[in-house]
Amino acid sequence: MNPPVTVRVSRRFDASCERVFDAWLDPATLGRWLYATADGQMLRVDVDPRVGGSYAIVERRANGDAAHYGRYLEIDRPHRIVLTLALEPDSVGDRITVDIAPDGDGCVLTLAHEMAAEYAEYADRTEHGWTTILASLERHLHTASPT
């Protein structure tokens, strides 16, 4: 069995670790940036933000509904979230690790996406997808009022 392929993406945010961390678990705002596209319509955002809890995010897109499912494996506010990502509700899915570290008056988020070796050909596409999602998170943090 081949080892998993890991895609890593980092981004600096002009927001506190707590604010960036909380954006990953807030059911009221998660659908505004996570797996959200400019032309899509969010249909479902169900989040149970606790270790062992699950999430389901479904967006209607021009080419059909895009569903994302997962479970929270580790939550260590405000430093780390480990979750799974699958396209089917009962699948084990990929492992996503989000680490957040202070950086001056902001923070740096480093995301690692571990996928099965057979999906290595999708690594560049996955990196681009996460880069786009983190840019969306940046826009969300910029337009949302700090709490």
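The following questions and answers go through the sheet, the pockets and two buried residues of a predicted model.

Student: In what order do the 7 strands of the open sheet stand?
Tutor: The pairing in this sheet is antiparallel. From one strand to the next, the twist averages 20°. Read across the open sheet, the order of the strands is 1-7-6-5-4-3-2.

Student: Which strands stand at the edges of the sheet?
Tutor: The order across the sheet is 1-7-6-5-4-3-2. An edge strand here has a single partner strand, so one side of it is left without a neighbour in the sheet. The strands in that position are strand 1 (5–13) and strand 2.

Student: Which strands does helix 2 touch where it packs on the sheet, and what angle does its direction make with that of strand 1?
Tutor: Helix 2 covers residues 123–143. It packs on the sheet through contacts with strand 1, strand 5, strand 6 and strand 7. Its direction and that of strand 1 make an angle of about 25°.

Student: How many bridges join strand 3 to strand 4?
Tutor: A hairpin links strand 3 to strand 4 through 2 residues, and the two strands run antiparallel. Among the paired positions, V58 stands opposite A67 in strand 4, and A56 has Y69 as its bridge partner. The number of bridges between strand 3 and strand 4 is 8.

Student: How many residues lie between strand 4 and strand 5 in their hairpin?
Tutor: Strand 4 (residues 64–76) pairs with strand 5 in the antiparallel sense over 4 bridges. D76 stands opposite R80 in strand 5, and E74 has V82 as its bridge partner. The number of residues between the two strands of this hairpin is 3.

Student: In strand 6, which residue is the bridge partner of L85?
Tutor: Strand 5 and strand 6 (residues 94–103) run antiparallel and are joined by 6 bridges. L85 belongs to this pairing, and its partner in strand 6 is D94.

Student: Why is strand 5 described as largely enclosed by the rest of the structure?
Tutor: Strand 5 spans residues 80–85. A residue counts as buried when its relative accessible area is under 20%. Strand 5 is largely enclosed because the residues that are buried number 5 of the 6.

Student: Which element gives the largest share of the lining of the largest pocket?
Tutor: The largest pocket has a volume of about 1,000 Å³. Of the 27 residues that line it, H68, L85, L87, R125 and T126 are the closest to its centre. Two or more lining residues come from each of strand 4, strand 7 (106–115) and helix 2. The largest share, 9 residues, comes from helix 2.

Student: How many residues of the lining of the largest pocket are charged?
Tutor: The lining divides into nonpolar, polar and charged residues. There are 13 nonpolar residues and 9 polar ones. The charged residues number 5.

Student: Which residues are the closest to the centre of the second largest pocket?
Tutor: About 200 Å³ of space lies in the second largest pocket. The elements that give two or more residues to its lining are strand 2 (41–47), strand 3 (54–61) and strand 4. The lining divides into 7 nonpolar, 4 polar and 5 charged residues. Of the 16 residues that line this pocket, the closest to its centre are S54, Y69, G70, R71 and P89.

Student: Is C17 buried or exposed?
Tutor: C17 is found in helix 1 (residues 17–23). Leaving aside neighbours within four places in sequence, C17 is in contact with P78, I100, A101, P102 and C107. Its relative accessibility is 7%, so C17 counts as buried.

Student: What distance separates the C-alpha atoms of C17 and A66?
Tutor: C17 is in helix 1. C17 and A66 are 49 residues apart along the chain. Their C-alpha atoms are separated by 29 Å.

Student: Which residues does S136 touch, not counting those up to four places away in sequence?
Tutor: S136 has its place in helix 2. At 10% relative accessibility, S136 counts as buried. Beyond four places in sequence, the residues that S136 touches are R32 and W33.

Conventions
Residues are numbered from 1 along each chain as its sequence is written. This is a predicted model: local features need pLDDT of at least 70, side-chain atom pairs count only at pLDDT 80 or more; totals for chains, interfaces and linings use all residues. Side-chain values use heavy atoms; hydrogens and water are left out. Buried means under 20% relative accessible area, exposed over 50%, partly exposed in between (1.4 Å probe, protein chains only). Two strands pair if DSSP finds at least two bridges between them. On a 1 Å grid over the protein atoms alone, a cavity is a set of points where a 1.4 Å probe fits but cannot get out, and a pocket is an open set with protein on both sides within 12 Å along at least five of seven lines; lining residues have an atom within 4 Å of a point. Grid points are joined across faces, edges and corners, and a volume is the space filled by probe spheres set on the points. Ala, Val, Leu, Ile, Met, Phe, Trp, Tyr, Cys and Pro count as nonpolar, Asp, Glu, Lys and Arg as charged, and the others, Gly among them, as polar. Axes are lines fitted to C-alpha atoms, for helices over the stretch in contact, and angles run from 0 to 180 degrees between N-to-C directions. Contact means heavy atoms within 4.5 Å.
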